[in-house]
Amino acid sequence: QGKVYQFKLVLLGESAVGKSSLVMRFVKDHFDEYRESTIGAAFLARSVQLEDDVTVKFEIWDTAGQERYKSLAPMYYRNANCAVVVYDITQPSSLEKAKAWVNELQRQADPNIVIALAGNKSDLEARRAVPTQTAKEYAEESGLLFFETSAKTDTNVTKLFDEIAKLMPRD
Ligand code: GTP
Ligand code: MG
């Protein structure tokens with residue numbers, strides 16, 4: 001069965017952007033229209049078969065986006081190998097919040113952390129308020145992976161985690 005590599009991944013972003021929904025889609029292939037806001041943080045794990053002899057196991061910390069939990073975040077990103085910072089393409093303020101998380105990670109997290117920016121709710125194209133190009137340019141400038149995703153329609157969710165897995169060090 002080859003080698004198994006384990007990585008800690010943290011999800012960060014404003015409340016209601018869809019962090020828990022992305023994790024539920026990735027881990028359980030399931031979506032809820034009415035998901036309750038996360039309290040504190042939730043832990044889930046999933047393994048991805050990258051090649052015949054390479055398995056990557058993600059240990060995922062899904063943090064709570066509500067402001068009152070903000071001080072807990074460093075506990076979850078401190079030892080993280082990778083981070084997914086999520087915003088909602090219909091809410092420009094959530095991209096600003098995502099940028100603040102990216103800054104904090106780049107200053108305080110492991111210097112080798114791999115960061116992906118995810119513009120979620122791409123199914124809500126009619127309500128889009130953040131142009132793809134705006135976020136893409138920011139991601140390029142900042143050295144982030146970038147995907148627009150939909151937990152609802154299962155768009156780019158596997159791709160997001162796969163591309164992160166491919167960038168993880170193997171030794
Ligand atoms: P906190 O736990 O409060 O930080 O929020 P969160 O970022 O975990 O958001 P959550 O996954 O709870 O989703 C918030 C709401 O957005 C829920 O009602 C979801 O059903 C909805 N939602 C999540 N992802 C999508 C998506 O891709 N498309 C659409 N249309 N709705 C989504
Ligand atoms: Mg949540």
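**Views of the predicted chain and its ligand 1 site**

**Figure 1. Order of the secondary-structure elements in the chain.** Read from the N terminus, the elements of the chain follow the order β-α-β-β-α-β-α-β-α-β-α, which amounts to five helices and six strands. The radius of gyration is 15 Å, close to the 16 Å that the globule rule gives for 171 residues, so the chain of this predicted model is as compact as a globular protein of that length. Along the principal axes, a box of roughly 45 × 35 × 35 Å is filled by the C-alpha atoms of the chain.

**Figure 2. Ligand 1 in the largest pocket.** The place that ligand 1 occupies in the model is the largest pocket. Around ligand 1 there are 23 residues, of which Ser15, Lys19, Ser21, Ser37 and Gly65 come nearest.

**Figure 3. Make-up of the shell around ligand 1.** When the residues of this shell are sorted by character, six are nonpolar, nine are polar and eight are charged. Among the elements of the chain, helix α1, which spans residues 19–28, gives the most to the shell, contributing three residues.

**Figure 4. Polar contacts to oxygen atoms of ligand 1.** In the side chain of Ser21, an N or O atom is found 2.6 Å from an oxygen atom of ligand 1, and Ser21 is also one of the residues that come nearest to the ligand. Thr38 takes part through its backbone, where an N or O atom lies 2.8 Å from an oxygen atom of ligand 1, whereas Lys121 takes part through its side chain, with a polar atom 3.1 Å from an oxygen atom of ligand 1. As for the surface of the ligand, ligand 1 exposes 660 Å² when taken alone, and the protein buries 91% of that area.

Note on methods: Residues numbered from 1 in each chain as written. Chains lettered and ligands numbered in written order. Predicted model: local features only at pLDDT ≥ 70, side-chain atom pairs only at ≥ 80, totals over all residues. Heavy atoms only, no water. Near = heavy atom within 4 Å. Polar contact = N/O pair within 3.5 Å; in protein donor to acceptor, adjacent residues only side chain to side chain. Areas by Shrake-Rupley, 256 points an atom, 1.4 Å probe, with all protein chains shown as cover. 1 Å grid on protein atoms, 1.4 Å probe; cavity = no way out; pocket = protein on both sides within 12 Å on 5 of 7 lines; lining within 4 Å. Sits in = over half its atoms within 2 Å of the grid points. Helix = DSSP H or I, 4+ residues; strand = E, 2+ residues; numbered from the N terminus. Nonpolar A, V, L, I, M, F, W, Y, C, P; charged D, E, K, R; others polar. Rg over C-alpha atoms; globule rule 2.2 N^0.38 Å.
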